[in-house]
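Okay, thanks for coming, everyone. Let me put today's model up on the screen, and then I'll walk you through it.

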Amino acid sequence: MTEEDSVLVQVGTRDAMDLPLNRSRWRRSALYLYEIPALAFFGIFVGYPILWVIYTSLFAATVHGATYWAGLGNYAELLQSPTFWMTLRNMALWGLITIPVQMIIGGLLAYAIEQYTIRSKAVFRTVYFVPVVTSVVVIAIVWEQIYAPYYGILQAGLTEIGLHLNFSLLGSYDTAIFALIIVNIWEWTGFSMLMYIAGLNAIPREIFDASHIDGASGWRLSRYVLIPLLSGVNKSLLLLGIIGTLQTFPLVFLMTNGGPDNASQVFGTYIFLHGFTEGQTGLASAISVVVLILAAGLTFLQIRYLGTQFLSRKGDA
Amino acid sequence: MNVAAKVLLTGAGSLALTSLAVGVSFAHQAPATHKKTVVTVWSWFIAGTMKQAIKQFERTHPNVVVKYSYYNYSPQFLTALKAAAASNSLPDIIGLQPGSLTQQYRPYLAPLNSLAAKTWGSHWESKIFPVDRAQMLMGNPPGNHNVYMLPQESQVICLWYNTQIFSKLHLAVPRTFTALVHDAHALSSHGYIPMYQGVAGAWQNENVYEMIADQIAPGLFHKAQQGQAAWTSPGLVKAMTVWKRLFTTGVFQAGALGDQAYPTGAQLFADGRVGMMALGSWWLQEAKYAPPIPPLVRGMKGFAPFSFPALTAHGHVSPPVGGIDVGDGLTKNGARNPAAWQFLASLVDGAGEQASLNALNDLPAFKGFAPTAAVSPHISKMYHAFIGQLSHAENQRFAYPPVQTAFDNAIGGVAAGKLTPMGALKQVQAATKKALGH
């Protein structure tokens, strides 16, 4: 091979190598173009509203409708407001009580139905799931009748054991939020049950058989077999429970509207009160931003401690 | 191409041609409809009654089509308005309450003064009941005398009692607070709900308080919310103390704090399980509901209104309190549509209003109207008594939303025993001061 041939070969080789490499790079770059629709969608429907809410939270309005720059005034007002702290307390109670209670009762129901029923399985599954698909308006009216101390169903039951309810659970400052939490648990436990039923049915039968042979039953079976194998369901329910807590609105709005005297206020009703009833869009936006920050913080904690794999891993649930 | 593909293709072609033909056919017939002017209306006003009003209007305006969207007041109507205002897509006419709601949407509303003067003459305002006139302007910035909403219907708030229960228990209509407590105890001891109060929904609390406050110091409630008097004035504190006594003396039902006036209270009242209830002139409409209706509300034969009893033995009962039940505003979009004003005018002073009154929906806002449909002598008597009261009624509405919210929280706090009357009203005073920038 001459020197000229060698150069030709080298040039030819470089050309041969570079052309597909450039094409590959171009193709890789072109792949990013496919993200544009998703990014545009995110920008329009998520990014822009968030920025708009943040911007709006920096303004306030007079009772005569004139808008003025308030800077961080809405946030300062919020932090000084006892109602805001009451709302925060209520949201914490809501999440801390409803999520674990729904999971425990839902899990127990699922286990009982799957283990101890045969022909009536479908009936029980449906019956416990009915509240989930029932209109929240109907639920609110029914539970108002249950709680009514004068003629309510609860009072009728208490009368049988000689007790008289002389105050309204929904109308009392100390009990309103707990009365609502009970209704929420009743409404959504069927959903947890359904998730656990799906989880239980995904566990291979052999594992149960092997556990029984090894003598595991009751608490030991739950602690060392079921709970670890259902961790995906647990994490999903935790995630959905937190989202549900932050989105709580219709039940509270219909049953107490945040009262009495803000005792059952939740973020949804608090935002609605200022944004829609009072027309204070700036203050309502400031509350929304706080909720956003809170949601972001909770999401971060979930990702940090629970990871994200359970959301997409197959076979867990 | 196989046979199946040909059949599919032929079928698709035929369908397309048929669709085209149908489309062309409809398009050919359409011009008559397209020429009609459309008026869009959003409100929480009863759909059935509005339908009758629209029917009457369209009969005399054949080239106009009115499209009515009914919403529940809260949250549907409030959220729909907010979203539409933000996107500049408000309908031509929107239902409004005086004060708070009108002020929130004032930037989107057209002033109605010149249109009203053109339609009804320069003295058009004299045709409207005085309390409604004042409420139309409530909350306007100082110096702004524009009218942004017109009253469609008025109301007088009062107490109602079940005449049959009272007769059965040999009870007299209470004229004093002592008699009220006596009657309440008698009702309770016979298994009836004495006076049903839906404390969980704030409007009934406001109404009862206003009746009490206007008995103690007429007009002071209105002055306080305008910042012209202190909420901590002795008269208003005393009214709040009386409010609290309605709970402690057993006038209101046990558990009133968690109850709602509608639908629960109203149903119990109509079914004859409640002795008394704070409602208003609109209660008459129950008599016109489609059957089946409870026997007591047929012709209103089981009910009669009375004023809040005198707080002292020789005192006077509460004066009438009331004003605009529901009103309407013309949006800036609607101001560009002449038919929209025509329909709005008919709703407040025309065939539309007459249709509403015939359904006994409530009282008129313009003087000179009365139901022309057949009603019982009992209803007719009550109706005209309410009209008489409306002429000198005190204002029942709030001008400013933050003041109203503070008041609702305060009155709820007193009812729940969490706040003292003075402590509660101090909170309202602080909210009023902040809202008005004093």
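So, to kick off: what share of the contacts in chain B with a separation of 6 or more comes from residues 24 or more positions apart? It's 76%. And keep in mind as we go that this is a predicted model.

Staying with chain B for a minute. We've got 438 residues, and 57% of them are buried. In secondary structure terms, chain B has 18 helices and ten strands. If you box up its C-alpha atoms along the principal axes, you get roughly 95 × 50 × 45 Å. Chain B exposes about 17900 Å², with 59% of that supplied by carbon and sulfur atoms.

Okay, on to the interface. People often quote interface size as the accessible area lost when the parts come together. For chain B and chain A, that comes to about 2800 Å² buried between them, and 59% of it sits on carbon and sulfur atoms. Counting residues, 40 from chain B are in contact with 30 from chain A.

What about specific polar interactions? Across this interface there are seven residue pairs in polar contact, both partners at pLDDT 80 or more. The rule also finds two salt bridges there. One of the pairs to look at is B:Lys434 with A:Glu77, which form a salt bridge with the closest N and O atoms 2.9 Å apart. As for which pieces of chain B touch chain A, the elements supplying at least two residues each include helix H4 (73-86), helix H17 (401-415), helix H18 (421-436) and strand E5 (193-196).

Now over to chain A, and two spots I'd like you to zoom in on.

The first is A:Asn74, in helix H3, residues 73-80. Is A:Asn74 buried or exposed? It counts as buried, because its relative accessibility is 5%, and the cut-off for buried is under 20%. A polar atom of its side chain lies 2.8 Å from the backbone oxygen of A:Ser57. Leaving out residues up to four places away in sequence, A:Asn74 touches A:Ser57, A:Leu58, A:Phe59 and A:Ala60, plus A:Gly282, A:Leu283 and A:Ala286.

The second spot is on the surface. A:Phe41, A:Phe42, A:Ile44, A:Phe45 and A:Val46 make up a nonpolar patch there, with about 540 Å² of accessible area together. Take A:Val46, which sits in helix H2, residues 35-56. Its relative accessible area is 32%, so A:Val46 is partly exposed. And why can A:Val46 be in the patch at all? Because patch residues need over 30% relative accessible area, and A:Val46 has 32%.

That's my tour, over to you.

Definitions and conventions:
Residues numbered from 1 in each chain as written. Chains lettered and ligands numbered in written order. Predicted model: local features only at pLDDT ≥ 70, side-chain atom pairs only at ≥ 80, totals over all residues. Heavy atoms only, no water. Patch = residues over 30% accessible without salt bridge, like charges linked within 9 Å, V, L, I, M, F, W, Y side chains within 5 Å. Areas by Shrake-Rupley, 256 points an atom, 1.4 Å probe, with all protein chains shown as cover. Salt bridge = Lys/Arg side-chain N within 4 Å of Asp/Glu carboxyl O. Helix = DSSP H or I, 4+ residues; strand = E, 2+ residues; numbered from the N terminus. Buried < 20%, exposed > 50% of the residue type's maximum accessible area, 1.4 Å probe, protein only. Contact = heavy atoms within 4.5 Å. Buried area = accessible area lost by both parts, 1.4 Å probe. Polar contact = N/O pair within 3.5 Å; in protein donor to acceptor, adjacent residues only side chain to side chain.
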